[in-house]
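This report is a first walk through one structure for a reader who has not seen it before. Please look at the sequence and the model below, then read on.

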Amino acid sequence: MEIVETQSVQSHEDKVWALAWHHSGKFLATGSSDKLIKIWGKPDGDTSEGLTHKSTLDGAHTRTVRSLAWKPGCQVGSLVLASSSFDATACIWMQESSEES
């Protein structure tokens with residue numbers, strides 16, 4: 001079996017330590033030493049494999065984001081993501097609108 005890289009998402013300013021695919025396959029969350037969480041997704045109507053930056057979640061963690069997990073069963077419009085950090089906190093992030101943007 002041959003597996004090849006199809007895309008590299010680059011936007012963090014430091015090492016990426018955590019990632020989590022949403023169960024729909026439409027979103028990828030990445031967490032980094034830069035204390036940020038980035039959400040990546042497919043543009044509306046796009047059927048390619050490419051992902052684009054959708055959102056940056058910041059201001060909650062003061063150290064490296066080390067773990068991410070999407071709440072099972074959440075659909076687009078009501079997304080919930082959990083994050084944990086070396087700052088000894090766990091945060092819950094909820095989508096505020098029904099738009100994917």
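## A pair of strands to begin with

Strand 2, residues 27-32, and strand 3, residues 37-41, run antiparallel and are joined by five bridges. Within this pairing, A29 has I39 of strand 3 standing opposite. The model described here is predicted.

## The chain as a whole

The protein chain holds seven strands and zero helices. Its pattern along the sequence is accordingly written β-β-β-β-β-β-β.

The protein chain has 101 residues, and 35% of them count as buried. About 6400 Å² of the protein chain is exposed, with 50% of that area supplied by carbon and sulfur atoms. Among contacts in the protein chain with a separation of 6 or more, 37% are between residues 24 or more positions apart.

## The sheet of four strands

Strands 2 and 3 belong to an open sheet of four strands, which has the order 1-2-3-4 and antiparallel pairing. Strand 1 (16-21) and strand 4 (52-57) are at the edges; each has a single partner strand, so one side of each has no neighbour in the sheet. On average, and with direction ignored, neighbouring strands of this sheet are turned by 25° against each other.

Strands of a sheet pair through backbone hydrogen bonds, and the pairing can be parallel or antiparallel.

## The sheet of three strands

Another open sheet is formed by three strands in the order 5-6-7, again with antiparallel pairing. Here strand 5 and strand 7 are the edge strands, and each pairs on one side only. The average turn between neighbouring strands of this sheet is 20°, direction ignored.

Strand 5 and strand 6 run antiparallel and are joined by five bridges. V65 has S85 as its bridge partner in strand 6.

## The nonpolar core

The largest nonpolar core has 14 residues, and those that touch the most other members are I37, I39, L68, W70 and L81. Two or more residues of this core come from each of strand 1, strand 2, strand 3, strand 5 and strand 7. With three residues, strand 5 gives the most to this core. In soluble globular proteins, nonpolar side chains tend to be buried together.

Which residues does I39 touch, leaving aside those up to four places away in sequence? I39 touches F27, L28, A29, T52, H53, K54, S55, L57, W70 and L81. One of these, A29, is also the residue that stands opposite I39 in the pairing of strand 2 with strand 3.

## One aromatic pair

A search of the whole structure finds one aromatic pair. In this pair, the ring centres of F27 and W70 are 6.5 Å apart and the ring planes are at 40°, so the pair counts as tilted. F27 is in strand 2 and W70 is in strand 5 (residues 65-70), so the pair ties together parts that lie 43 residues apart in sequence.

Are F27 and W70 buried or exposed? Both residues are buried. Both F27 and W70 are also among the residues touched by I39.

## Loop residues

Two residues that are not glycine have a positive phi. For K35, phi is about 75°, and this residue sits in the loop between strand 2 and strand 3. K35 has a relative accessible area of 38% and is partly exposed; a residue counts as partly exposed when its value lies between the 20% limit for buried and the 50% limit for exposed.

For A88, which is likewise not a glycine, phi is near 70°. The loop that holds A88 lies between strand 6 (80-85) and strand 7 (90-94). A88 has 75% relative accessibility and so counts as exposed.

A glycine also deserves a mention. G77 is in the loop between strand 5 and strand 6, and its relative accessible area of 23% makes G77 partly exposed. From C-alpha to C-alpha, G77 and Q95 are 6.6 Å apart in space, while 18 residues separate the two in sequence.

Conventions: Residues are numbered from 1 along each chain as its sequence is written. This is a predicted model: local features need pLDDT of at least 70, side-chain atom pairs count only at pLDDT 80 or more; totals for chains, interfaces and linings use all residues. Side-chain values use heavy atoms; hydrogens and water are left out. Two strands pair if DSSP finds at least two bridges between them. Axes are lines fitted to C-alpha atoms, for helices over the stretch in contact, and angles run from 0 to 180 degrees between N-to-C directions. Rings of Phe, Tyr and Trp (its six-membered ring) pair if their centres lie within 6.5 Å; planes under 30 degrees apart count as stacked, over 60 as edge-to-face and the rest as tilted. Buried means under 20% relative accessible area, exposed over 50%, partly exposed in between (1.4 Å probe, protein chains only). Contact means heavy atoms within 4.5 Å. Accessible areas come from the Shrake-Rupley method with a 1.4 Å probe; for residues, only the protein chains shown count as cover. A nonpolar core is a set of buried Ala, Val, Leu, Ile, Met, Phe, Trp, Tyr and Cys residues joined through side-chain atoms within 4.5 Å.
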